[in-house]
Amino acid sequence: MQTPKQLVVDSPYPNLRGNYAESGTNEGRAAFVRLPSNGGGAWIFYSARFGTAPCWYFGNSLPSGGSLSSLCCSLDAAETPEASQWPPADIISVGVQGVPGHTAEPSQQAAQARPLPAAMCSECRELKQLNDGLCCSKCAPGVDSLALDALSLLRTHASNATLKKLAWALAAGHAEVRETLEVVAAAHENQDERPLILDQPATALQVGAGTTSLICEAISFGCNKLQYQWDKDGFPLRRAERSRLVLSGAGPQDEGSYVCRVSAGRATACTRPCEVKLSEEAQKARAAESAKRSRFESPLRRAAEAVRLGQKEIAVTMLTEALEAAEDNEAAQVDALCRRTELQFQLGRWKEAFQDASAAVTINPSISRAHAARGAAAEKLGFLAEAASSWETAELLGGVPEAAKQAEMCRERLQQFFAANESNRESAAGTGNQAEDAEGNWRRNGWQGRYAGGRGAGFFGGSGSAAGGYSSSTGITPALQRHLQVLGLSVEGSLPSQDVVRGAYRKLALQAHPDKGGSKSAFQELQNAYEAVLSAVG
């Protein structure tokens, strides 16, 4: 059985360097995963589906679901990773395990590159914390002395990540990094206040739906405070005055050439341009999202036009089509449901209006417009508890001027009903006949209550005092006891008054509402309990 091919990667970044073993394929070419003994969590793979040209990638995982997690990519599309050219600032070398020059661990290769002194001084020990292949210029005279001195003095000026990146590149013999460090040494000697850029974004970057950061790190020996400004296509970006620029959920509007200007007093330095492009898969995802959005936006526009022409039935049909196309877009679903509720109300279809409005507040309890429409439809159906609860919630959310007045009117009508039937309830209690629940008794006496024309609170799970028998100690059904507990009210003794119930609901609604950090299910349970208790108190 053939042994899987292994690669040895040397990099200034600990999350990239190490040994990689062949494991499967991606787009027809071998893929390699870092060995667990080296930390795991990294892959080398080939792809021609992202960016402007095919290449090899280092990533946290293989491409999945049209997205790519890329740490860096090769400069060409050679047949194998070891034959490819890599950005020298990211990858020092990629070789094959067992081939001369690539059998040792990366850190061992770097250590073998320089002779080690017999006795290690303190400065050497500090340098070796950055890279095992480095030692100070005193212990190894004439070997990159200026660059090594600059690396030592940067320990108090640069971040640890940048220091390690510079150290690994210097140990690998990168001329560009050595020249940068020599400039740092000269600037320190002359106390030059001009900003010196130590780290900057790559010349090209592919972005997708995730979060991408562009980082610039600079120092100045004569100025304590550096100022950063990111430009895009030659124009300064608003609120981009830090060393890190974050592109979150990047889209076509984020494509362009990015440069960071670093100022120290009157002196300014700029990073090289970084060309940001949306990956091919991200572009396809954007196009698919746009097509999906047009499928529900088009019937919404046609519905609005039908309403303008007075064609309400056609408008209802168009809104139904928009609902079917909205799929996972909750905002679009709520908008279509609210519009259809208003049309159903105008057409005198109270039950359908109530169902649509209830569905809207179930999806998003934060829409006062939906609660108001539900309250209006509930009034028409005679669901006074639901009407009062919905208008009350619309008042709490704000934006509906008539909500407070309508809620008070519903509560008054509910009180009038209870007052008119009080004698009947006492008469029924005097006979000792408790087999019939309270709501059934009220309905028998003519109340068009929560179940008239269909279950009023069905969208909140269905509730009321009809479920279960009476408690022998309190005369309150177990279901009503649970609703009282949800409202934080006592289940002992007599039922609380409407004002007490209303006060408990308003207090808890402000805490349980999703806009205040609560959950939709908790808020719906609270409103359901309020409606059930409100329909039972007299």
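**The seven-stranded sheet**

Start by selecting the open sheet of seven strands, which runs in the order β6-β5-β4-β3-β2-β1-β7 with antiparallel pairing. Strands here are DSSP runs of E with at least two residues, helices are runs of H or I with at least four residues, and both are numbered from the N terminus. Two strands pair if DSSP finds at least two bridges between them. At the edges you'll find β6 (72-73) and β7, each with a single partner strand, so one side of each has no neighbour in the sheet.

A quick word on what you're looking at: this is a predicted model, in which local features need pLDDT of at least 70 and side-chain atom pairs count only at pLDDT 80 or more, while totals for chains, interfaces and linings use all residues. Residues are numbered from 1 along each chain as its sequence is written, and side-chain values use heavy atoms, with hydrogens and water left out.

Now select residues 93-96, strand β7. Are its faces covered or open? Both are covered: S93 and G95 are buried on one side, and V94 and V96 are buried on the other. (Buried means under 20% relative accessible area, exposed means over 50%, and partly exposed is in between, using a 1.4 Å probe and protein chains only.) That split fits a general pattern: in a regular strand the side chains alternate between the two faces of the sheet.

Add residues 6-10, strand β1, which runs antiparallel to β7 and is joined to it by four bridges. To see one bridge pair, pick D10 and its partner in β7, S93.

Further into the sheet, colour β3 (residues 29-34) and β4 (residues 43-47), an antiparallel pair with two bridges. Here V33 has W43 of β4 as its bridge partner.

**Helix α4 and its surroundings**

Next, jump to residues 160-171, helix α4, and click on K165. Is K165 buried or exposed? With a relative accessible area of 15%, K165 counts as buried. Setting aside neighbours within four places in sequence, K165 is in contact (heavy atoms within 4.5 Å) with P12, Y13, A89, D90 and D199.

Bring in helix α5, residues 175-190: its axis and that of α4 come within 8 Å and cross at roughly 120°. Those axes are lines fitted to C-alpha atoms, for helices over the stretch in contact, and the angles run from 0 to 180 degrees between N-to-C directions. The two helices are therefore oblique to each other; under 35 degrees would count as roughly parallel, over 145 as roughly antiparallel and 65 to 115 as roughly perpendicular, with the rest oblique. On the α4 side, show L166, A169 and L170, and on the α5 side V177, R178 and L181, which make the contact. These residues divide into five nonpolar, no polar and one charged. (Nonpolar covers Ala, Val, Leu, Ile, Met, Phe, Trp, Tyr, Cys and Pro; charged covers Asp, Glu, Lys and Arg; the others, Gly among them, are polar.)

Then select L130 in helix α2, residues 122-130. L130 is buried, at 5% relative accessibility. Beyond its neighbours within four places in sequence, L130 touches L151, R155, N160, L163, K164, A167 and W168. Try a distance label too: the C-alpha atoms of L130 and L166 are 8.9 Å apart, with 36 residues separating them along the chain.

**Strand β12**

Move on to residues 227-232, strand β12, where five of the six residues are buried, so the strand is largely enclosed by the rest of the structure. Strand β15 (residues 256-264) runs antiparallel to β12 and is joined to it by six bridges; for one of these pairs, show Q229 and R261.

Strand β13 (residues 235-236) also runs antiparallel to β12, with two bridges between them. D231 is matched there with P236. The two strands form a hairpin with two residues between them, and D233 in the turn has a positive phi of about 55°.

**Last stop: α11 and α16**

Select residues 384-397 (α11) and 520-534 (α16), which pack at an angle of about 135° with their axes 8 Å apart. This pair is therefore oblique as well. Show A385, E386, A388, S389, S390, E392 and T393 of α11 with F523, Q527, Y530, E531 and L534 of α16 to see the contact. Its residues divide into five nonpolar, four polar and three charged.

Finally, zoom out: the chain has 16 helices and 17 strands, and 46% of its 538 residues count as buried.
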